[in-house]
Amino acid sequence: MLLRMLELNDPVNYPVNRIVFCDTEFEFPELYEYLDRVQAFIDEHYPERGLKIERAYSKMTWKEKFYGEVVSGKAKGQIRGAPLKLYPCWWTKSAKLDPMDRMAKESGMDFMYIGIAHDEQKRIRDTDERYRYPLNEWKWTESDCMDYLDHHNIALELYTVFNRLGCYMCPKQSFRSWYSLWLHFPDLWKDAKFWDNESLRVAGHGLTMRDESTLEEMEKKFKQGYIPKGSVGMECRSCSAISLKQEGIISMDDFFEGDEFERDPEVIRTDGAYAHLNDAEKIEWIPPSHKNALVVKTATLNDWFLDNIDEDPEDADCFFDGADD
Ligand code: SF4
């Protein structure tokens, strides 16, 4: 999207003044190399623009958040641990949404571009003109984007292994995606295992969706030759978070209140494990910020973050999110 906008060189319809990458601390090393490649591409093809890819970070580090306490709700005072599977992810807010908002305020940005492709339109909620979706305006599908990057010899090789990218330890990734991480990125797998164990230790829940499978247990299966079927989807929901925020379904406060929701006893079984997906699907969620509102907008979980799951997770050997965001 960015490279196409630069190519169009259309300051009226697609002005590009700043390029910001929100770094979550859990990016693939290949992604940093890729950013360097993109920067070199921009420098070579559009030197007159003087654009530099800026990095934005969470104000608090992952460790500070992870070992910090939940600040509100029933779980107030408990160690937060890894983001739980139910959206929103507290790390999305801290490492992506907040830095983007800060940057937007600092530079008085009129709008931000969001890279949602034409074949992902269901993720677009057009109620706020500050957010624009060029790929959709151009009717570019994901496949078109890949073709474009191939054509310019600037494709990101990680997409040969994953079809979505986010934090390598993202709790929302599928079983298959964890498998790809284990197979192709042993160092990152080791780090994810560390956080899985650490989260179990300090907060009583791990990184993974299926309650009987810690990453250690998954690894045993993988070593025995087990290859999960299904999607290799792995993605961040931050774009959906922006869309939902602009639609008024969630507010930024919900991310902290989300701790309460994520630990809602209806979602956590009496034995402390997480209720199965099918139970979670039945819940209609009212964001905490809207609980006392006269008109309450609601979203079913299935509407906005479970909608890409395989019909039968058992058959698909897939965790929650096959997903696309
Ligand atoms: S990739 Fe996953 S863990 Fe990382 S910020 Fe997004 S939702 Fe949260």
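Asn 9 counts as exposed, because 11 C-beta neighbours lie inside 10 Å, and a residue with 12 or fewer falls in that class. In this predicted model, Asn 9 sits in the loop between helix 1 (2-8) and strand 1 (19-22). The backbone deserves a look here too: phi of Asn 9 is near 50 degrees, a positive value in a residue other than glycine. Most residues other than glycine have a negative phi. Another asparagine, Asn 153, also carries a positive phi, of about 55 degrees, although it is not a glycine. Asn 153 belongs to the loop between helix 6 (142-151) and helix 7. Asn 153 is exposed as well, because 8 other C-beta atoms lie within 10 Å.

Some figures for the protein as a whole help to place these details. The protein contains 14 helices and six strands. Of its 325 residues, 34% count as buried. Among contacts with a separation of 6 or more, 67% link residues 24 or more positions apart.

The loop that holds Asn 9 leads on to strand 1. Strand 1 runs parallel to strand 2 (residues 53-56), and four bridges join the two. Within this pairing, Ile 19 has Ile 53 of strand 2 as its bridge partner, while Phe 21 stands opposite Arg 55. From strand 1 the chain passes through helix 2 (residues 29-45) to strand 2, making a right-handed β-α-β crossover. Lys 52 lies in the loop between helix 2 and strand 2. Lys 52 is exposed, because it has 11 other C-beta atoms within 10 Å. Although Lys 52 and Ile 19 are 33 residues apart in sequence, their C-alpha atoms are 6.8 Å apart in space.

A third asparagine offers a contrast in burial. Asn 136, in helix 5 (residues 134-137), counts as buried because it has 20 C-beta neighbours inside 10 Å, and 20 or more are needed for that class. Beyond its neighbours within four places in sequence, Asn 136 is in contact with Ile 116, His 118, Gln 121 and Ile 124. For one of these partners, His 118, the C-alpha to C-alpha distance to Asn 136 is 4.3 Å, across 18 residues of sequence.

The next part of the picture is the nonpolar interior. The largest nonpolar core comprises 18 residues, of which Tyr 168, Met 169, Trp 178, Leu 181, Ala 192 and Leu 207 touch the most other members. At least two residues of this core come from each of helix 7 (175-184), helix 8 (186-203) and helix 9 (215-223). Helix 7 gives the most, with five residues. The surroundings of Leu 207 can be listed in full: leaving aside neighbours within four places in sequence, Leu 207 is in contact with Ala 82, Met 169, Pro 171, Ala 192, Trp 195, Asp 196, Ser 199 and Leu 215. Two of these partners, Met 169 and Ala 192, are themselves among the core residues that touch the most other members.

Helix 7 is largely enclosed by the rest of the structure, because eight of its ten residues are buried. The buried residues are Phe 175, Arg 176, Ser 177, Trp 178, Tyr 179, Ser 180, Leu 181 and Trp 182. Their cover includes helix 8 and helix 9, both of which also supply residues to the largest nonpolar core. Ser 180, one of the buried residues of helix 7, has its C-alpha atom 9.5 Å from that of Ile 227, with their positions 47 residues apart along the chain. Ile 227 is found in the loop between helix 9 and helix 10 (238-247). Unlike Ser 180, which is buried, Ile 227 counts as exposed, because it has 11 C-beta neighbours inside 10 Å.

A word on confidence rounds off the description. The mean pLDDT of the protein is 74, and 66% of its residues reach 70 or more. Over residues 257-325 the pLDDT is below 50, yet this stretch has 133 contacts in the model beyond near neighbours in sequence. Where pLDDT is low, the predicted coordinates should not be read in detail.

Terms used. Residues numbered from 1 in each chain as written. Predicted model: local features only at pLDDT ≥ 70, side-chain atom pairs only at ≥ 80, totals over all residues. Core = buried A, V, L, I, M, F, W, Y, C linked by C-beta atoms within 7 Å. Contact = placed C-beta atoms within 7 Å. Pairing = 2+ DSSP bridges. Right-handed = clockwise from strand over helix to strand, strands pointing away. pLDDT = per-residue confidence, 0-100.
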